[in-house]
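Here's a quick tour of the helices in this one, with a look at what surrounds them and how some of them pack. Have the viewer open and follow along.

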Amino acid sequence: MEPSSSAFNYADYPVIVGIDFGTTFSGCCYAFAQNEEVIDIVKWPKQNNHVYPKTPTLSLYRKGSTQLVDWGHGARRQAMKPNSVDFLLLSKFKLYLDEHLQQEALPNNLQVIDVIADYLSAFHQHVCTELLKGFAGNYDQSKFRYCLTVPAMWSDRAKAAMREASIRAGLVQRGDHPERLMLISEPEAAALYCEKKSEQFNLVHGQRFMICDAGGGTVDLIVFEIDQQPGGRRTLKEVTNGHGGSCGSGFLDLRMREYIKHKFYHFGSINDSAMEHIMDTFVNIIKPEFDGYEDHFLDLPASMGLGDLTDESIGLENGSLCLPAQELREQVFEPVIEQVLQLIEGQLVQSPNNLEAIFLVGGFGQSNYLFRRVEEVFANRVGMIGVPPRGELAVVRGAVYFGLNPQIVTERVSRRAYGVETRMIFNPELDPPEYSVVGVDQRTYCRQRFSVYVQKGQSVKVDECVSKNFVISYPNDTDSDLFAFDDDGPPPRLTTHQLVKKVGHFPIRMPTLEGCRPGDKIPMTIRMYFGLTEIKIECVIRDKSFVFTSSFDASDSYSGTAGQNQLEYPGSQMMPPPTAGLAAPNPYALTDPAGSQVSLHGHQQSYTYGTPTMSNAQQAGYSTAGGYPPANNMYGGGYPPVQGGGDYYQQQQYSQGYPPSQSYYSGYPPTSQGYPPSSYYGQH
């Protein structure tokens, strides 16, 4: 990865664009750095009389083609036409990046990163057109920088995939400084909005509040604490390990479909046109207004041919179907709402101190019934439960606030334990004998030990780095692997443990150093920053610096079996798969001055890649910390890291984990979507 020629200069990008790429709806806002007024983009192609300020996350392809035909409102309109049998309407494809959900293969041999990139490309072109119509017309797109929101529960790999899709979509170039595109978790963005705009937000230093960001596909939660020292500015710090689940309002739609099918089972199947009409009524009227008490009535569409029918057994009278509140509660709402309540409970358990407030944001967060149930369950444990104004825009507006002031969040909680593979002094009582190896100092070491840099649940300041020193023989190249442990409890001792995953790979090329001879021992420092939305790793060799962002393994959290469809990543993202079982002793293990050795794998081949242009950086100290972004940091040439040689990476594909438990696409006429673009909630 070639470092860039200079540090990032925010002043070079005076227009900040926030993008909320949602499961069912996507939105965009922007601001100018000089006045910080946030402007919503509310005009979307072919929206007609829809006043909802977002556009549907829908893409239309021809069967057998990977060329995008239309997107957003236009995609749905085209798919509803009678002659649309040759089209495929893709929806909810964001969920393909959630490793917790089993998905079926996308049609037409489409890959999820390309599908997201296609949508973002069309979305971005429209956004640029709208910006250039207004005051942003004084700037071209090269002066824009971006802040993209991602679910709190996403893995490092999913975030890396989102960054890659954004690059393919043309938001930024692969060689741009990584900070031209920043990622922020959705509930964190919503917290910034609440802190900035909500009249209910009158919290003071030391008080805590929870964000429950409930959208169409996902529900994300984090607890924050206000940090405001006397005379200082107010900032936020995470105090819980933010998490979430796929239990957004789109899952209410799926349950409603099944409920209606069951009601009319003895009449035969419901035609697609009638089902879409019913779902329109549910999404636009019943779902947002439902409070758990009132029955609702549904006038059946004429296409069902049941206009004058009465059937008391299902509550049908003269073509009007009664939907009892109890049935809607038990069969449609409660199974999904209960998952949201469990997520809130999980955050409360993590934050033993009293919470002053829970803020419900996102489209689903505007639901009357969700508000009622949260109030019933948690009102006696929380100071207040509030719904901020325009909560459906909380995330995308918060993304712009973050872009304007990235330092407003000063502390985050690590979602997993991270570390590297090291050699440590062998302990015969704890270490397996087959892992013992004698070092050059004739001492016995245990190889493949998991040296943890940051624990799961540990609070990490955004400017805090973990730094370790090593030595490497000149002129060998090397690489560093990052490992992660997701479970609770103490991390295992060995990286070969089944729950320890190899998630990051950072190739480090030895620069040409004047006066050095082959075999000379060269000091090297590795600094890791874990307090950011994306992990950043900096390697310093003398006065040269490499910095990596999101160089994460495509195998992270994904397992596959033969015959499954595979999620393809570009070759430059590939890395060798984790070695199963015991690895061969590494003759190039580097000596750690602190007494352990890190298994950074040296390359024997001669240096044939050419010397990349490197930028000056200060010599690393041991266990130092600096402000973020550090003034001396020179970022690599974009993401993913550039390959130095044909055999530098193994070209390996990783599969996504099939078979599916749920389909999130269909041809038209539709059979499974169930969310019209005019919905007043369910976005994200």
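**Helix α1 and its surroundings**

The buried residues of helix α1 are Gly72, His73, Gly74, Ala75, Arg76 and Ala79. Keep in mind that this is a predicted model. Zooming out, the protein chain has 9 helices and 34 strands, and 61% of its 684 residues count as buried.

- α1 covers residues 72–79, and 6 of its 8 residues are buried, so the rest of the structure largely encloses it.
- The cover over those buried residues includes the strands β4 (55–56), β5 (58–62), β6 (68–71) and β7 (87–91), plus the helices α2 (112–133) and α6 (272–289).

**Contacts across the chain**

- Take the contacts between residues at least 6 apart in sequence: 76% of them join residues at least 24 apart.

**Helix α3**

- Does the length of α3 add up, or what should its 13 residues span? At 1.5 Å a residue, residues 156–168 should span 18 Å, and the end C-alpha atoms sit 19 Å apart, which agrees.
- α3 is mostly covered, with 12 of its 13 residues buried.
- The buried set in α3 includes charged-looking names you may want to click on, among them Asp156, Arg157, Lys159, Arg163 and Glu164.
- Just after α3, glycine 170 takes a positive phi of about 90°.

**How α5 packs on α6**

- Two packed helices are described by the angle between their axes and the distance between the axes.
- For α5 (residues 250–263) and α6, the axes come within 11 Å and cross at roughly 130°. That makes α5 oblique to α6.
- The crossing of α5 and α6 is right-handed.
- On the α5 side the contact is made by Leu252, Asp253, Met256, Arg257, Ile260 and Lys261, and on the α6 side by Met275, Glu276, Ile278, Met279, Phe282, Val283 and Lys287.
- By class, the residues of the α5 and α6 contact divide into 8 nonpolar, no polar and 5 charged.

**How α7 packs on α8**

- α7 (residues 325–350) and α8 (residues 368–378) pack at an angle of about 50°, and their axes are 10 Å apart. That makes α7 oblique to α8.
- The crossing of α7 and α8 is right-handed.
- From α7, the residues Arg329, Phe333, Glu334, Ile337, Glu338, Val340, Leu341, Ile344, Glu345 and Leu348 meet Tyr369, Leu370, Arg373, Val374, Val377 and Phe378 in α8.
- The contact of α7 with α8 has 11 nonpolar, no polar and 5 charged residues.

Key: Residues numbered from 1 in each chain as written. Predicted model: local features only at pLDDT ≥ 70, side-chain atom pairs only at ≥ 80, totals over all residues. Heavy atoms only, no water. Buried < 20%, exposed > 50% of the residue type's maximum accessible area, 1.4 Å probe, protein only. Helix = DSSP H or I, 4+ residues; strand = E, 2+ residues; numbered from the N terminus. Contact = heavy atoms within 4.5 Å. Expected span 1.5 Å × (residues − 1). Axes fitted to C-alpha atoms, helices over the stretch in contact; angles between N-to-C directions. Parallel < 35°, antiparallel > 145°, perpendicular 65-115°, else oblique. Left-handed = near helix turned anticlockwise from the far one by under 90°. Nonpolar A, V, L, I, M, F, W, Y, C, P; charged D, E, K, R; others polar.
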